[in-house]
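These are my notebook entries from one session with a single model. I looked up strands, cores and empty space, in that order.

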Amino acid sequence: MDIEQNIWGFTPEGEAVILYTMTNGAGAQVRLSNIGAGIVSIVVPDREGRMADVALGYDDFKSYFNDGPCMGKTPGRFANRIGFARFTLDGKEYRLTRNCNGRHHLHGGDAGFANKLWDSRVETDRVVFSLLSPDGDQGYPGDLDAEVVYDWNDDCELEITLYARTSAPTVVNLTNHAYFNLRGEAEGGALENVLKLNASCFLETDADQITTGRRTPVEGTPMDFREPKPLGRDINADYEPLRFGYGYDHCWAIDGWEPGRLTDFGFLYDPQSGRRMTIRSTQPGVQIYTGNWLEGCPRSISGHEYRNRDGVAIECQAFPDSPNKPEFPSVVLRPGEIYEQRIVYRFDTL
């Protein structure tokens, strides 16, 4: 494993933006940035050995700050939505910043983890990012020390381990927000990628896409990916949840989930290139977002403009609005405990 680090540029405050390139023995690469502890590109072979970047990204580091899509980055303290930007913990109500529809909280707020410049370092064959979020940051209680570790091996497995520790009881939900197109980020046609999810239920939401707490069986609905099917097959179906999200932007509950155990979530596959990405995680859910609002985002890493649905985000995470849903798996972190979650994307060909 070879890891290069280069200065990509400097912020207006003079802080260095670092670009890390991890190259395995087969020449496949993962590029990372300390902006949001994020993924910039993933270059892997197709069935003929031709390399292509399968993760959407930008050509200018400045585009990663405060972008709408949260491209490739680590949202936090709480990924996804918290209804009405508030929650109660140990009898005390906490009010968070409102950055979603004027009344809800999304991805930790506009000044959340995805828009921070993280400390970073190389440790032998891995890249480690760390961030201190002070008590009161975006309304959350407790000083939170967060860490994101990326490992890349010769089997083209990208493992992301997410850690956190806190000085006071708080809530945490960390994930990665990469967008994938296994045909190639510049090729379009992401809706022709085939998705399989080991999930019998998805989480019902209201029109603001705040979870109601109810799990809805996927059987007989456009949300059923238990058998592999193209993302675009049912995306325009006359089905209320799809109208709420203008396409897929929903959380599925993974079958057989157990706390702390890596669970097989399913796979994404592109029939044209033969590339497949299998997904495993310790998290209970996965948000599938088909990039329904990508148009108008910054210019792509290959110099073209992204269109809506040019990529799909596969965000392994806790259930949205969990702090307000006691029936969901707990997201509470207390002093002395260690938050640890893992996501593994494995790339191969068929």
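**Entry 1: a sheet and its pairings.** I began with β23 and strand β24 (residues 312-317), which pair in the antiparallel sense over five bridges. I note at the outset that the model is predicted. Within this pairing I looked up Q287 and found E315 of β24 opposite Q287. I then traced the sheet to which the two strands belong. It is an open sheet of six strands with antiparallel pairing, in the order β15-β24-β23-β20-β17-β18. At its edges I recorded β15 (179-180) and β18, each of which pairs on one side only.

**Entry 2: P217.** I located P217 in strand β18, which covers residues 211-217. I checked the separation of P217 from C201, which is 16 residues away along the chain, and the C-alpha atoms are 4.3 Å apart. With neighbours within four places in sequence left aside, I listed S200, C201 and F202 as the contacts of P217.

**Entry 3: β4 and its two hairpins.** I turned next to strand β4 (residues 38-45). How many of its residues are buried? I counted seven of eight, and I therefore entered the strand as mostly covered, with buried taken as under 20% relative accessible area.

I examined the partners of β4 in turn. Strand β3 (residues 29-33) pairs with β4 in the antiparallel sense over five bridges. In this pairing V30 has I42 of β4 as its bridge partner. Four residues lie between the strands of this hairpin, and G36 takes a positive phi near 70°. Strand β5 (residues 51-53) also pairs with β4 in the antiparallel sense, over three bridges. Here I found V43 opposite D53 of β5. The hairpin of β4 and β5 has five residues between the strands, and G49 in the turn shows a positive phi of about 90°.

I added one general remark on strands: in a regular strand the side chains alternate between the two faces of the sheet.

**Entry 4: nonpolar cores.** Which members of the largest nonpolar core touch the most other members? Among its 61 residues they are I42, W252 and F347. I42 is the residue already entered as the bridge partner of V30. I also asked which element contributes the largest share of this core, and found strand β12 (residues 144-152), with five residues.

I then listed the surroundings of W252, not counting residues up to four places away in sequence. W252 touches L197, A199, C201, F202, V218, M223, F225, P284, G285, V286, I288 and F319. C201 and F202 from this list are also contacts of P217. A second, separate core has 15 residues, including I35, V40, Y289 and L294.

**Entry 5: pockets.** My reason for a probe search is general: rolling a probe the size of a water molecule over the atoms shows where empty space is left.

The largest pocket holds about 720 Å³ of space. It is lined by 31 residues, of which G68, P69, R81, L106 and H107 are the closest to its centre. I noted α1 (240-245) and β23 (285-289) as the elements that give two or more residues to this lining. By class, the lining of the largest pocket comprises 12 nonpolar, 12 polar and seven charged residues.

For the second largest pocket I recorded a volume of about 330 Å³. Of its 18 lining residues, Q283, S330, Y339, E340 and Q341 are the closest to the centre. Two or more residues of this lining come from each of β25 (332-333) and β26 (339-349). β26 gives the most, with three residues. The lining of the second largest pocket divides into 11 nonpolar, six polar and one charged.

**Entry 6: cavities.** How many cavities of 30 Å³ or more are there? I counted two.

The largest cavity contains about 50 Å³ of space. Its lining consists of N80, R81, T205, Q209, T211, D249, H250, C251, Q287 and P320. Strand β20 (residues 249-253) supplies the largest share of this lining, three residues. I classed the lining of the largest cavity as two nonpolar, six polar and two charged residues. Two of its names recur in my notes: R81 appears by the centre of the largest pocket, and Q287 stands opposite E315.

The second largest cavity contains about 30 Å³. I listed its lining as G76, R77, G108, A111, G112, F113, S133, D137, Q138 and Y140. This lining has three nonpolar, five polar and two charged residues.

Key: Residues are numbered from 1 along each chain as its sequence is written. This is a predicted model: local features need pLDDT of at least 70, side-chain atom pairs count only at pLDDT 80 or more; totals for chains, interfaces and linings use all residues. Side-chain values use heavy atoms; hydrogens and water are left out. On a 1 Å grid over the protein atoms alone, a cavity is a set of points where a 1.4 Å probe fits but cannot get out, and a pocket is an open set with protein on both sides within 12 Å along at least five of seven lines; lining residues have an atom within 4 Å of a point. Grid points are joined across faces, edges and corners, and a volume is the space filled by probe spheres set on the points. Ala, Val, Leu, Ile, Met, Phe, Trp, Tyr, Cys and Pro count as nonpolar, Asp, Glu, Lys and Arg as charged, and the others, Gly among them, as polar. A nonpolar core is a set of buried Ala, Val, Leu, Ile, Met, Phe, Trp, Tyr and Cys residues joined through side-chain atoms within 4.5 Å. Buried means under 20% relative accessible area, exposed over 50%, partly exposed in between (1.4 Å probe, protein chains only). Contact means heavy atoms within 4.5 Å. Two strands pair if DSSP finds at least two bridges between them.
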